[in-house]
Amino acid sequence: MRVLLTGVAGFIGSHLAERLLAEGHHVTGVDCFTDYYARWIKEKNLANLLPHPAFTFIEADVNNLDLSSLLKEIEIVFHFSAQAGVRASWGQSFDEYLHHNIAATQKLLEAARKSEVKKIIYASSSSVYGACQELPMQETSPCRPYSPYGVTKLAGEHLCLLYYKNYGLPCLALRFFTVYGPRQRPDMAFHKFFRSILTQQPLNVFGNGQQTRDFTYIEDIIDGVLAAGHHGQPGEVYNLGGGQQIALNEVFPYLEKITGSQIKINYTHPQSGDVPHTFAAIDKARKELGYQPRFSLEEGLKAEWEWLKMLYNKEDEKRNG
């Protein structure tokens, strides 16, 4: 297949591109390198992709592309580009979220409805549920986002489903739950924790550590995304989670075991937009997509630790000449 993947230089997008290429597809990847985190990290995410003969890279904002021309030979679209981050979505920066998460999605859908695209898969987030009282969170649970970021991701979902209902555009949405592993963004908890351990600094934790998350390893997420490409039904929404509800305080013994370091924790006030609990009901994804998480938390954390040590060691070497 010929695939368009937006957000290709990101954490999830770069992993997906590698798997698609390994399966023999041609991938056109788009990324505009927003300044949400360092460009050099995203460039490293692309390092294995750029030499591949079946990979074409376009550095551009989706809003500014000639999408009609780009989509002419595309069979499936994975729309993964977004301005990320719950805590950064407040205040003046909200304009960036409107631009990258809502306006770009609408422009892509508008162009796609005049194309021959067979499926569009939209990367959504557990943030759409907000502080949902129903645990585990079902796809039918109330969606009341608790952050501006969550509002924009839910708006993107609604746009996809509206284009499906009104124009028959074959869209579906995947709600990702706290993805971690190699290439995790620097603003995310595990990356920050490991970085603090590397620099022998205390771990800063928002809240009391009793908040729970459904941590999902990156390879499990990619398995789910690819399964949705084959079996996902247009007009539907699917949760992709790890299938376990784990308190943040339960993670710290793993970090000490994996790194061989004794850690010190500074607990601070909760941040605006952070919800107390997330937990994915994945029965629908199991039944319709054949989705089945395979990786334990300890396995995933080990892989992220090894990647992060290599990432920062090489960057330190580069800085020091």
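**View 1. R183 sits in the loop between strand 7 and helix 6 (189–198).** Welcome to this predicted model; our tour starts at a single residue. The phi angle of R183 is near 80°, which is a positive value in a residue other than glycine. Is R183 buried or exposed? R183 counts as buried because its relative accessible area is 11%, under the 20% limit for that class.

**View 2. T178 also has a positive phi, near 35°, in a residue other than glycine.** Look for T178 in the loop that links strand 6 (171–176) to strand 7 (179–180). With a relative accessibility of 24%, T178 is classed as partly exposed.

**View 3. A cis peptide bond joins L135 to P136.** Omega of this bond is near 0°. To find P136, follow the loop between strand 5 (119–125) and helix 5 (148–167).

**View 4. H230 belongs to helix 7, which covers residues 218–231.** H230 is exposed, with 54% relative accessibility. Which residues does H230 touch, once its neighbours within four places in sequence are left aside? They are E23 and K119. It is also worth finding R213 here: R213 and H230 are 17 residues apart in sequence, and their C-alpha atoms are 28 Å apart in space.

**View 5. F80 is among the residues with the most contacts inside the largest nonpolar core.** That core has 71 residues, and F78 and F176 share this distinction with F80. Beyond its neighbours within four places in sequence, F80 is in contact with residues including L5, I12, L16, I121, F176 and V225. Another core, of 23 residues, lies apart from the one around F80, and L71, I120, Y122 and A173 are among its members.

**View 6. Stepping back, the whole chain holds 10 helices and 13 strands.** The radius of gyration is 19 Å, close to the 20 Å given by the globule rule for 321 residues, so the chain is as compact as a globular protein of that length. Along its principal axes, the C-alpha trace spans about 55 × 50 × 40 Å. Buried residues account for 54% of the 321 in the chain. Of the contacts with a separation of 6 or more, 83% come from residues 24 or more positions apart.

**View 7. The accessible surface of the chain is about 14,300 Å².** Carbon and sulfur atoms contribute 48% of that surface. How many positive and negative side chains does the chain have? There are 32 positive and 35 negative ones, and the centres of the two sets lie 1 Å apart.

Conventions
Residues are numbered from 1 along each chain as its sequence is written. This is a predicted model: local features need pLDDT of at least 70, side-chain atom pairs count only at pLDDT 80 or more; totals for chains, interfaces and linings use all residues. Side-chain values use heavy atoms; hydrogens and water are left out. Helices (H or I, at least four residues) and strands (E, at least two) are DSSP runs, numbered from the N terminus. The radius of gyration is taken over C-alpha atoms; the globule rule is 2.2 Å times the number of residues to the power 0.38. Buried means under 20% relative accessible area, exposed over 50%, partly exposed in between (1.4 Å probe, protein chains only). Contact means heavy atoms within 4.5 Å. Accessible areas come from the Shrake-Rupley method with a 1.4 Å probe; for residues, only the protein chains shown count as cover. Lys and Arg count as positive and Asp and Glu as negative; His and the chain ends are not counted. The place of a charge is taken as NZ of Lys, CZ of Arg, CG of Asp or CD of Glu. A nonpolar core is a set of buried Ala, Val, Leu, Ile, Met, Phe, Trp, Tyr and Cys residues joined through side-chain atoms within 4.5 Å.
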